[in-house]
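Trainee: I would like to take a close look at one part of this model, and then see how that part sits among its surroundings. Could you walk me through it slowly, one step at a time?

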Amino acid sequence: MTIIEPDGKPSNADAIIYVVGYKEPPGTAPTEVAQKDRKFVPDLVAITVGEHIQFPNGDSFLHNVFSQSTTRKFDLGSFKRGDRKDKDFPDPGVVDVYCNIHPEMAATILVLPNRAHTHRKPDGTYAIEGVPPGKWQVFAYTRRATLPAMAWVTVTAGQDATVDLALKRGGEPDHLNKYGEKYKDYATTTYH
Amino acid sequence: MVLVMAVPATASAGRTFYGWLQDTQVMPERGAEIQTFVSEENYQGPDTTPPSKDHNTTWWLAPAIGINDQLELSLPVQFDWDRVDGSPPHSDFLSYGAQLKYRFVTADPVDAPDFVPAIRATVDRLVIGKRDVVLSEVDLIGSYQSGIVHAVINAGVAGDITPSDQHFEARTGAGVSIETIDDLRLGAEVFAEISLDSDTTGNWVAIGPNISWSHGRSWLSASYGIGIYQIRDAPKFNWGIAF
């Protein structure tokens, strides 16, 4: 699959490819999204409905994690290095996650109906195993994508199916803090 | 006597949809707010001849922080204006103290059950009079959320304790708050302060409408209690801002 930056150049950005149309139970192991060097690492993850994400703070100063997305609104408060907060995601959808202290921190969580999702490899390929036979929609999404890419795929038992997808990226959109306000300059202060 | 009348001034606040009633809302961990309220208890007291009615206005102000996602600490100071009919009015720096509110279940709006129990405990030192009075209060709070309807019930006991004497009263009430437009809520509540001993001069019951509104980092709530027992009216206005 290919990703194109706003200037028209190809991108090596991370992307998630996922299949929808059927449901599977969640896994038991939580996914981890760390806060390190004022970034969410990784900043794009996919989980199955009902799974948890842990947010450990790996920086030496306080971080907050919040979301105002309609799929999952939450505010984990502020927590220090070594602490981690856990959040469950019971409904499917897209969840944009930010830090109320550091406006440059942003991540996207895709909460999907099944486990048929994977990351794009550095060479642009991907492989999703275990998709049941049938006709399904395949989506690709990267952070800052202007729109998800979608294609139909027909899966036949014992055979591989190939789908090529292309995404366009836009700029990083501005976001508001957890109070619905613009971030102040002092919001980048490092609180210990 | 003046001291006894001053003590029942309610030392309660915290983020709430209600005027006089405690709610189960708490701040997230390391959240910080300035919270305040102004309340009035007008023409309070028993019908006697000659009348000896108390008019009391309280200003309560506290920084509040989230210890964790379920425990909130406030450090209030309280100012009081008081006038008993026939006596000159006086204003006082009444007390300072600490308040803890613990919510027994998660504050996450998705994971929280419909019924939320909480407990609130306060200890304040009275700095007027003999300066040997400790004001304390313990409240059990229950809230119930169903769609746009939020209801709450309070059952508490407040006391002023000196080395030689104690006075206790029940502080109880119930209310409902309904979400209307955006974050504007309207409802009604009833609130009572009832002595648990023989001194019943501070007893009162009021019922009335309430309103609350949150906008960004600030919130406010208020009620206008119309007296139905030993009080003419009891308005209260709460306000807070997070930072």
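Mentor: What follows starts from one strand of chain A and then moves outward to the sheets, the loops, the domains and the second chain.

Please keep in mind from the start that this is a predicted model, and that every value below is computed from it.

The part to look at closely is strand β6 of chain A, which covers residues 44–48. Is this strand buried or exposed? A residue counts as buried if 20 or more other C-beta atoms lie within 10 Å of its own. By that cut-off, five of the five residues of β6(A) are buried, so the strand is largely enclosed by the rest of the structure. The side chains can be followed one by one: L44(A), A46(A) and T48(A) point one way from β6(A), while V45(A) and I47(A) point the other way. The residues on both sides are buried, and this fits with the strand being largely enclosed.

Which strand is joined to β6(A) by five bridges? That strand is β12 of chain A, residues 106–112, and the two run parallel. If you would like one pair to find in the picture, take V45(A), whose bridge partner in β12(A) is I109(A). In general terms, strands of a sheet pair through backbone hydrogen bonds, either parallel or antiparallel.

Just before this strand there is a feature of the backbone to find. V41(A) and P42(A) are joined by a cis peptide bond, with omega at about -5 degrees, and P42(A) is placed in the loop between β5, residues 39–41, and β6 of chain A. On the other side of β5(A), the loop that comes from β4, residues 34–36, holds R38(A). This arginine has a positive phi of about 60 degrees although it is not a glycine. R38(A) has 16 C-beta neighbours inside 10 Å, and it therefore counts as partly exposed, whereas the residues of β6(A) are buried.

Now widen the view to an open sheet of three strands in chain A, which has the order β3-β7-β10 and mixed pairing. Here β3 (31–32) and β10 (84–88) stand at the edges with a single partner strand each, so one side of each is left without a neighbour in the sheet. Two bridges hold β3(A) and β7(A), residues 52–56, together in the parallel sense, and within this pairing E32(A) stands opposite Q54(A).

A second open sheet of chain A has four strands in the order β13-β2-β14-β15, and its pairing is antiparallel. Its edge strands are β13 (117–119) and β15 (149–155), each of which pairs on one side only, and from one strand to the next the twist averages 20 degrees. Between β14(A), residues 134–141, and β15(A) there are seven bridges in the antiparallel sense, including the one in which G134(A) has V155(A) as its partner. The loop between β14 and β15 of chain A contains R144(A), which has a positive phi of about 70 degrees although it is not a glycine. With 19 C-beta neighbours inside 10 Å, R144(A) counts as partly exposed, because the cut-off for a buried residue is 20 or more.

How is chain A divided into domains? Domain 1 takes residues 1–12 together with 130–172, and domain 2 takes residues 25–112. Their C-alpha centres lie 24 Å apart.

The last step leads from chain A to chain B. Their contact takes 14 residues from chain A and 13 residues from chain B. On the side of chain A, strand β9, residues 72–79, gives the most, with eight residues. By class, that side has six nonpolar, three polar and five charged residues.

Chain B itself comes to one helix and 13 strands, and the helix stands ahead of the strands when the elements are read from the N terminus. A compact globule of 243 residues would have a radius of gyration near 18 Å, and chain B, with 17 Å, agrees with this. Taken along the principal axes, its C-alpha atoms fill a box of roughly 55 × 35 × 30 Å, and 43% of its residues count as buried. Among the contacts in chain B with a separation of 6 or more, 55% are between residues 24 or more positions apart.

Methods: Residues numbered from 1 in each chain as written. Chains lettered and ligands numbered in written order. Predicted model: local features only at pLDDT ≥ 70, side-chain atom pairs only at ≥ 80, totals over all residues. Buried ≥ 20, exposed ≤ 12 C-beta atoms within 10 Å, placed from the backbone. Pairing = 2+ DSSP bridges. Contact = placed C-beta atoms within 7 Å. Nonpolar A, V, L, I, M, F, W, Y, C, P; charged D, E, K, R; others polar. Domains from an automatic or database assignment. Axes fitted to C-alpha atoms, helices over the stretch in contact; angles between N-to-C directions. Rg over C-alpha atoms; globule rule 2.2 N^0.38 Å.
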